[in-house]
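Here are a few exercises to work through with the model open beside you. Have a go at each task before reading its solution.

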Amino acid sequence: AVTLPASPAAPAVLELVETDLFQADVSAATHVYVASLCFGADMLRRAAIKIVGEATALRTVASLRAFPEDVVGVAFGPVRTVMVEMTWTRARGEGAVVYLYDR
């Protein structure tokens with residue numbers, strides 16, 4: 001984990017954590033990025049269930065693949081998509097679709 005101290009411009013402390021989602025305590029997470037590009041359907045469903053059930057402080061989750069609607073439909077508002085440059089899209093000058101879910 002990397003913790004960035006508060007500053008006058010950004011008064012909140014930011015903690016960046018790279019870990020196994022299925023082993024992590026996500027109860028206090030406010031923003032989660034899931035690098036789900038290579039997840040199979042079952043793993044994607046498990047990730048969505050964990051986030052919906054355990055990330056009670058969550059405001060936004062970003063995922064490289066859409067979560068199953070039957071899992072996230074009630075817990076989040078409408079899904080939004082944005083195009084974001086990734087290392088594998090940079091040479092083509094385009095981005096990859098990122099799915100954003102807000103509470």
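**Exercise 1: charges over rings**

Take Arg46 in this predicted model and work out which ring its charged end sits over.

Solution. Start at the charged end of Arg46: it sits over the ring of Phe22, 4.1 Å from the ring's centre. Now try Arg103, which lies over the face of Phe76 with the ring centre 4.9 Å away.

**Exercise 2: ring pairs**

Stay with Phe76 and find the cluster that ring pairs build around it.

Solution. Search the whole structure and you get two aromatic pairs. Follow the links, and Phe67, Phe76 and Tyr101 come out as a cluster.

**Exercise 3: strand 3 and its partner**

Sort the residues of strand 3 by face, then trace the chain to strand 4.

Solution. Begin with the faces: Val32 and Val34 are on the covered one, while His31 and Tyr33 are on the uncovered one. Next, look sideways: strand 4 (residues 60-63) runs parallel to strand 3, and four bridges join them. Val34, for instance, stands opposite Ser63. Finally, follow the chain from strand 3 through helix 1 (residues 41-54) to strand 4; this β-α-β crossover is right-handed.

**Exercise 4: the core**

Find which residues touch the most other members of the largest nonpolar core.

Solution. The core has 18 residues, and the best-connected group includes Val34, Ile51, Val61, Phe67 and Phe76. Then ask who supplies it: strand 3, helix 1 and helix 2 (69-72) each give at least two residues, and helix 1 gives the most, with four. To close, check Val61: leaving out residues up to four places away in sequence, its contacts include Val32, Ile51, Tyr99 and Leu100.

Terms used:
Residues numbered from 1 in each chain as written. Predicted model: local features only at pLDDT ≥ 70, side-chain atom pairs only at ≥ 80, totals over all residues. Heavy atoms only, no water. Buried < 20%, exposed > 50% of the residue type's maximum accessible area, 1.4 Å probe, protein only. Pairing = 2+ DSSP bridges. Right-handed = clockwise from strand over helix to strand, strands pointing away. Core = buried A, V, L, I, M, F, W, Y, C linked by side-chain atoms within 4.5 Å. Contact = heavy atoms within 4.5 Å. Phe/Tyr/Trp six-rings, centres within 6.5 Å; stacked < 30°, edge-to-face > 60°. Lys NZ or Arg CZ within 6 Å of the ring centre and 35° of its normal.
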